[in-house]
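User: I have a structure to look at and would like to go through it with you. Could we begin with how its helices pack?
Analyst: Certainly; please open it first.

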Amino acid sequence: MKLLAHSANDDGDVQLLEDHLIHTAEKAAAITRKWDASKWGRMAGLYHDIGKISERYQRYVRGIGERGGDHSTLGAVLVPPKLVPLVFAISGHHGGLSDLADLKSRLVRAKADPDMHAMLERCGE
């Protein structure tokens, strides 16, 4: 099954998750190049929506399930913790930036969540 990033538009076209992540990474790298931060931009683009691999999101985007749920936390979990600014950017790309205490709490909860474990396993496939 191909993983989708977005549901079908009016013409019936869908956007594959892989294409979305690569395209976003390229755009983010280009935007951040002027600050000599294209590697950071590229990584943010690749990781920002990786949580859309969840079965729940894939059912949602195909119109056969409830709302897709949180799709930004997985990317924040996968980024090395020493890259704190990137963890903030990825985790807050829809809901806004949290403070450090909230972010840490969110990541701790996520790491204990069985759905997160399933997504992490899916990343390895």
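**Helix packing and the largest pocket**

Analyst: The axes of H5 and H6 cross at roughly 75 degrees and come within 11 Å of each other. Please keep in mind that this is a predicted model.

User: What does that crossing make H5 and H6 to each other?
Analyst: Angles of 65 to 115 degrees count as roughly perpendicular, and H5 and H6 are therefore roughly perpendicular to each other. On the H5 side, the contact is made by Val87, Phe88 and Ser91. H6 contributes Leu100, Leu103, Arg106 and Leu107.

User: And which classes do the residues in the contact of H5 with H6 belong to?
Analyst: Five are nonpolar, one is polar and one is charged.

User: H5 also packs with H2. At what angle?
Analyst: H2 and H5, the latter covering residues 84–91, pack at about 40 degrees, with their axes 10 Å apart. H2 and H5 are therefore oblique to each other. Their crossing is right-handed.

User: Which residues meet there, in H2 and H5?
Analyst: From H2, Trp40, Met43, Ala44 and Tyr47 meet Pro85, Leu86 and Ile90 of H5. The contact of H2 with H5 has seven nonpolar residues, with no polar and no charged ones.

User: Now H1 and H2. How far apart are their axes?
Analyst: The axes of H1 (residues 17–32) and H2 (residues 38–47) are 7 Å apart, and the two helices pack at an angle of about 155 degrees. Angles over 145 degrees count as roughly antiparallel, and H1 and H2 are therefore roughly antiparallel to each other. H1 passes H2 in a right-handed crossing.

User: Which residues of H1 and H2 meet?
Analyst: In H1 they are Leu21, Ile22, Thr24, Ala25, Ala28, Ala29 and Thr32, and in H2 they are Ser38, Gly41, Arg42, Gly45 and Leu46. By class, this contact of H1 with H2 has six nonpolar, five polar and one charged residues.

User: Changing topic: what is the volume of the largest pocket?
Analyst: The largest pocket has a volume of about 470 Å³. Its lining consists of 18 residues, and those nearest the centre are Ser54, Asp113, Asp115, Met116 and Met119.

User: Which elements give two or more residues to that lining?
Analyst: They are H3 (55–61), H4 (73–78), H6 (100–112) and H7 (114–123). H7 provides the largest share, five residues.

User: And how does the lining of the largest pocket divide by class?
Analyst: Eight of the lining residues are charged, six are nonpolar and four are polar.

Terms used. Residues are numbered from 1 along each chain as its sequence is written. This is a predicted model: local features need pLDDT of at least 70, side-chain atom pairs count only at pLDDT 80 or more; totals for chains, interfaces and linings use all residues. Side-chain values use heavy atoms; hydrogens and water are left out. Axes are lines fitted to C-alpha atoms, for helices over the stretch in contact, and angles run from 0 to 180 degrees between N-to-C directions. Helices (H or I, at least four residues) and strands (E, at least two) are DSSP runs, numbered from the N terminus. Angles under 35 degrees count as roughly parallel, over 145 as roughly antiparallel, 65 to 115 as roughly perpendicular and the rest as oblique. A crossing is left-handed if the near helix is turned anticlockwise from the far one by less than a right angle, and right-handed if clockwise. Contact means heavy atoms within 4.5 Å. Ala, Val, Leu, Ile, Met, Phe, Trp, Tyr, Cys and Pro count as nonpolar, Asp, Glu, Lys and Arg as charged, and the others, Gly among them, as polar. On a 1 Å grid over the protein atoms alone, a cavity is a set of points where a 1.4 Å probe fits but cannot get out, and a pocket is an open set with protein on both sides within 12 Å along at least five of seven lines; lining residues have an atom within 4 Å of a point. Grid points are joined across faces, edges and corners, and a volume is the space filled by probe spheres set on the points.
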